[in-house]
Amino acid sequence: MHRPDLSDPAQRTLGSVLRHQAERIPDELFVQAGQGRYSYGRVDELANAWAAGLRDLGVGQGDTVAFFLRSGPEFVFATFGAMKLGAIWVPTNVDYKGEWLRGSLADSRARVLVVDADLIPRVAEAAGDLPLAHAVVRGDGEVGALGCPVTPVAEIEDRKAAEPEALEIGPGDTAAVLWTSG
């Protein structure tokens, strides 16, 4: 098992742990999805690309990013990228539609949405007056219905980006908001 040194409380954030593991064991397997295999080093690179991409969309420390995205490796990369910025990722159940979806997205107060292309019609139908400023879309489909600028996931992940500047992020800071039924 790969056990990072967590004796320093400042290093107990998931973004820091990923970076340290990427430095220690860059070629070890971290994520496997279908035939896709991603090492710690590659996941850290992709998380840095997501951090840079989200930052370029105006996301910063304490901002929320809504996810209406099915499980997959991009979900991992994007969440780590958000956390490296000190942003808060808010996943939304992909079964939601109508008022449930609108309420969840409104409550997230996110101005950036990460979404699967085939789910865009549900977002467009439910979103109404939500203040979405930008969407990052995985997959192909009609994206114009969102009414905001759109960036394909590939454009985010193709960039080369350095580790984001060190922030005052600690283990007690909010990294995610998960809605549950109870």
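Reader: Which residues does Phe67 touch, leaving aside those up to four places away in sequence?

Author: In this predicted model, Phe67 touches Phe75, Ala78, Thr79, Trp89, Val90, Pro91, Thr92, Leu113 and Val114. Each counts as a contact because heavy atoms lie within 4.5 Å.

Reader: What makes Phe67 stand out in the largest nonpolar core?

Author: That core has 29 residues, and Phe67 belongs to the group that touches the most other members, together with Trp50, Leu54, Val59, Val65 and Val114. At least two residues of this core come from each of α1, α2, β3, α3, β5 and α6 (153–157). Another core lies apart from it, with 20 residues, including Ala110, Leu113, Leu130 and Leu132.

Reader: What makes the pairing of Asp118 and Arg70 a salt bridge?

Author: The N to O distance between their side chains is 2.9 Å. The limit is 4 Å, so the pair qualifies. Asp118 is in the loop between β5 (112–116) and α5 (120–127), while Arg70 is in the loop between β3 (64–68) and α3 (73–85); the two are 48 residues apart, and their pairing links distant parts of the chain.

Reader: Why is Arg70 called partly exposed?

Author: Its relative accessibility is 33%. Buried requires under 20% and exposed requires over 50%, so a value in between is partly exposed.

Reader: How do you know that Glu99 and Arg102 form a salt bridge?

Author: Their closest N and O atoms are 3.3 Å apart, and therefore within the 4 Å limit. Both residues belong to helix α4 (residues 98–108), and because they are three residues apart there, about one helical turn separates them.

Reader: Is Glu99 buried or exposed?

Author: Glu99 has a relative accessible area of 53%, so it is exposed, the cut-off being over 50%. Its partner Arg102, with 28%, is partly exposed.

Reader: What makes Asp116 and Arg138 a salt bridge?

Author: The closest N and O atoms of this pair are 2.6 Å apart, which means that the 4 Å criterion is met. Asp116 is in strand β5 and Arg138 in strand β6 (residues 134–138), 22 residues apart, and the pair links distant parts of the chain.

Reader: Why is Asp116 called buried?

Author: Its relative accessibility is 5%, and under 20% is the condition for buried. Arg138, at 16%, therefore counts as buried by that cut-off. Elsewhere, salt bridges with shared partners join Arg19, Glu23, Asp44, Lys84 and Glu163 into one network. The total by this rule is eleven salt bridges.

Reader: Which residues of helix α1 (residues 14–24) are buried?

Author: Gly15, Ser16, Leu18, Gln21 and Ala22 are buried in α1. The buried residues of this helix pack against β1 (29–33), α2 (40–56) and α3.

Reader: What makes α2 oblique to α3?

Author: These helices pack at an angle of about 60°, and their axes are 7 Å apart. Oblique covers angles that are not under 35, not 65 to 115 and not over 145 degrees, and therefore α2 is oblique to α3. Their crossing is right-handed.

Reader: Which residues of α2 and α3 meet?

Author: From α2 come Val43, Asp44, Leu46, Ala47, Asn48, Trp50, Ala51, Leu54 and Arg55; from α3 come Glu74, Phe77, Ala78, Phe80, Gly81, Ala82, Lys84 and Leu85.

Reader: How do you know that Ser39 is buried?

Author: Ser39 has a relative accessible area of 19%, and the cut-off for buried is under 20%, so the term applies. This residue lies in strand β2 (residues 36–39). Leaving out residues up to four places away in sequence, Ser39 touches Pro26, Asp27, Glu28, Leu29 and Phe30.

Reader: What is the phi of Arg109?

Author: Arg109 has a positive phi of about 55°, although it is not a glycine. Most residues other than glycine have a negative phi. Arg109 is in the loop between α4 and β5, and its relative accessible area of 69% makes it exposed.

Reader: Why is Gly144 called exposed?

Author: The relative accessibility of Gly144 is 53%, and exposed means over 50%. Gly144 is in the loop between β6 and β7 (150–152). Its C-alpha atom is separated by 9.2 Å from that of Ala124, 20 residues apart along the chain.

Terms used
Residues are numbered from 1 along each chain as its sequence is written. This is a predicted model: local features need pLDDT of at least 70, side-chain atom pairs count only at pLDDT 80 or more; totals for chains, interfaces and linings use all residues. Side-chain values use heavy atoms; hydrogens and water are left out. Helices (H or I, at least four residues) and strands (E, at least two) are DSSP runs, numbered from the N terminus. Buried means under 20% relative accessible area, exposed over 50%, partly exposed in between (1.4 Å probe, protein chains only). A nonpolar core is a set of buried Ala, Val, Leu, Ile, Met, Phe, Trp, Tyr and Cys residues joined through side-chain atoms within 4.5 Å. Axes are lines fitted to C-alpha atoms, for helices over the stretch in contact, and angles run from 0 to 180 degrees between N-to-C directions. A crossing is left-handed if the near helix is turned anticlockwise from the far one by less than a right angle, and right-handed if clockwise.
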